[in-house]
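This briefing goes through one protein model by topic. It is meant to be read next to the sequence and the coordinates.

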Amino acid sequence: MKTRVLFIAMLLSVLFMGRAEAQRCLPKMQGIELRAGLNEQDGYVLGAALSSYARGGDKWVYGVEYLKTSHGYRSTTIPAAQFTAEGGYYYNFLSDAKKVVFFYAGASALAGYETVNWGESLLPDGSRLTDETVNWGEKTLYDGARLNNKDAFVYGCAATLEMELYLADFIALTASLRERFLWGGSMGVCHTEYGIGVKFIIN
């Protein structure tokens, strides 16, 4: 009797596992991802994305991202921020037979807005600039120097390597390495990012 119960339990678990594996990354499935990461210029990244899966585990990705960086000026720092929207295609070049781990190479188009000295900068003594010590509209720094970097619309592309690790059919952890190339701004073209995220499958 115990042998039969054990056999049935094993059979059901195999069937359930097979069903679970078949339910991952199918065409027209969608997932929402929340991301966070770091930038090589003492910055950080926050973002959200919608993934729409295609055949073979490939996916279309549409997202928004906020990138904050800091740039040295004498003994202080000047903050810069970029707000971008993304649309791209990610190719699934490797995955395991059980559909637990997926590796992607992606290419995306980016467009957005860059603003410099948006928010608060630090004075040499570590205190923060206030409206009394900086003229935000004229981009005047604490020592009277003018900041020539202007706000601008930016555009470009991104290349991404990404991994998805499924904890269950409806949730996965992600890790990514990303190189963004943006023109039109004044804070450089290339931006390297690396981050992690969590994805929820919504249908």
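Outside its neighbours within four places in sequence, Lys-68 is in contact with Gly-43, Tyr-44, Pro-79 and Ala-80. Lys-68 sits in strand 3, and its C-alpha atom is 6.7 Å from that of Gln-82, a residue 14 places away along the chain. The model is a predicted one.

**Overall make-up**

- The protein has one helix and eight strands, and along the sequence they follow the pattern α-β-β-β-β-β-β-β-β.
- Of its 203 residues, 40% count as buried.
- Taking contacts between residues at least 6 apart in sequence, 60% join residues at least 24 apart.
- The accessible surface amounts to about 11,400 Å², and carbon and sulfur atoms account for 66% of this area.

**Strand 8 and its partners**

- Strand 8 covers residues 190-201, and its side chains alternate between two faces.
- On one face, His-191, Glu-193, Gly-195, Gly-197, Lys-199 and Ile-201 are buried.
- Cys-190, Thr-192, Tyr-194, Ile-196, Val-198 and Phe-200 point to the other face and are not buried.
- Strand 1 (residues 30-39) runs antiparallel to strand 8, and nine bridges join the two. In strand 8, Tyr-194 is the residue opposite Leu-38.
- Strand 7 (residues 171-183) also pairs with strand 8 in the antiparallel sense, over eleven bridges. Here Ser-176 stands opposite Gly-195 of strand 8.
- The hairpin made by strand 7 and strand 8 has six residues between the strands, and Gly-184 in this hairpin takes a positive phi near 100°.

**Nonpolar core**

- Eleven residues make up the largest nonpolar core: Cys-25, Met-29, Ala-49, Tyr-53, Val-61, Tyr-90, Phe-102, Tyr-104, Tyr-166, Ala-172 and Ile-201.
- At least two residues of this core come from strand 2 (43-53), and at least two from strand 5 (101-116).
- Ala-49, one of the core residues, is in contact with Gly-31, Ile-32, Glu-33, Arg-35, Val-61, Tyr-62 and Gly-63, leaving aside its neighbours within four places in sequence.
- Ile-201 is a member of this core and belongs to the buried face of strand 8.

**Nonpolar surface patch**

- A nonpolar patch on the surface is formed by Leu-38, Tyr-44, Leu-46, Trp-60, Tyr-62, Tyr-89, Tyr-91, Phe-93, Leu-94, Leu-161, Leu-177 and Tyr-194. Together these residues have about 1,200 Å² of accessible area.
- Strand 2, strand 3 (59-73) and strand 4 (76-95) each provide at least two residues of the patch. Strand 4 gives the largest share, with four residues.
- Leu-177 lies in strand 7. Leu-177 is partly exposed because its relative accessible area of 46% falls between the 20% limit for buried and the 50% limit for exposed.
- Leu-38 and Tyr-194 are both in the patch, and these two residues also stand opposite each other in the pairing with strand 8.

**Salt bridges**

- Side chains of opposite charge can pair when their charged atoms come close.
- The whole structure contains eleven salt bridges.
- Glu-33 and Arg-35 form one of them, with their closest N and O atoms 3.6 Å apart. Glu-33 is buried at a relative accessible area of 2%, and Arg-35 counts as buried at 16%.
- Arg-180 and Glu-65 meet in another salt bridge, with an N to O distance of 2.7 Å. This pair links distant parts of the chain, with Arg-180 in strand 7 and Glu-65 in strand 3, 115 residues apart. Both Arg-180 and Glu-65 are buried.
- A salt bridge also joins Glu-193 to Arg-178, where the closest N and O atoms are 3.8 Å apart. Glu-193 lies in strand 8 and Arg-178 in strand 7, so this pair ties together parts 15 residues apart in sequence.
- The relative accessible area is 4% for Glu-193 and 5% for Arg-178, so Glu-193 and Arg-178 are buried.
- Which residues are linked in a network of salt bridges? They are Glu-33, Arg-35, Glu-65, Glu-86, Arg-178, Arg-180 and Glu-193.

Note on methods: Residues are numbered from 1 along each chain as its sequence is written. This is a predicted model: local features need pLDDT of at least 70, side-chain atom pairs count only at pLDDT 80 or more; totals for chains, interfaces and linings use all residues. Side-chain values use heavy atoms; hydrogens and water are left out. A nonpolar core is a set of buried Ala, Val, Leu, Ile, Met, Phe, Trp, Tyr and Cys residues joined through side-chain atoms within 4.5 Å. Buried means under 20% relative accessible area, exposed over 50%, partly exposed in between (1.4 Å probe, protein chains only). Contact means heavy atoms within 4.5 Å. Two strands pair if DSSP finds at least two bridges between them. Accessible areas come from the Shrake-Rupley method with a 1.4 Å probe; for residues, only the protein chains shown count as cover. Patches are made of residues with over 30% relative accessible area and no salt bridge: like charges are joined within 9 Å, nonpolar side chains (Val, Leu, Ile, Met, Phe, Trp, Tyr) within 5 Å. A salt bridge is a side-chain nitrogen of Lys or Arg within 4 Å of a carboxyl oxygen of Asp or Glu.
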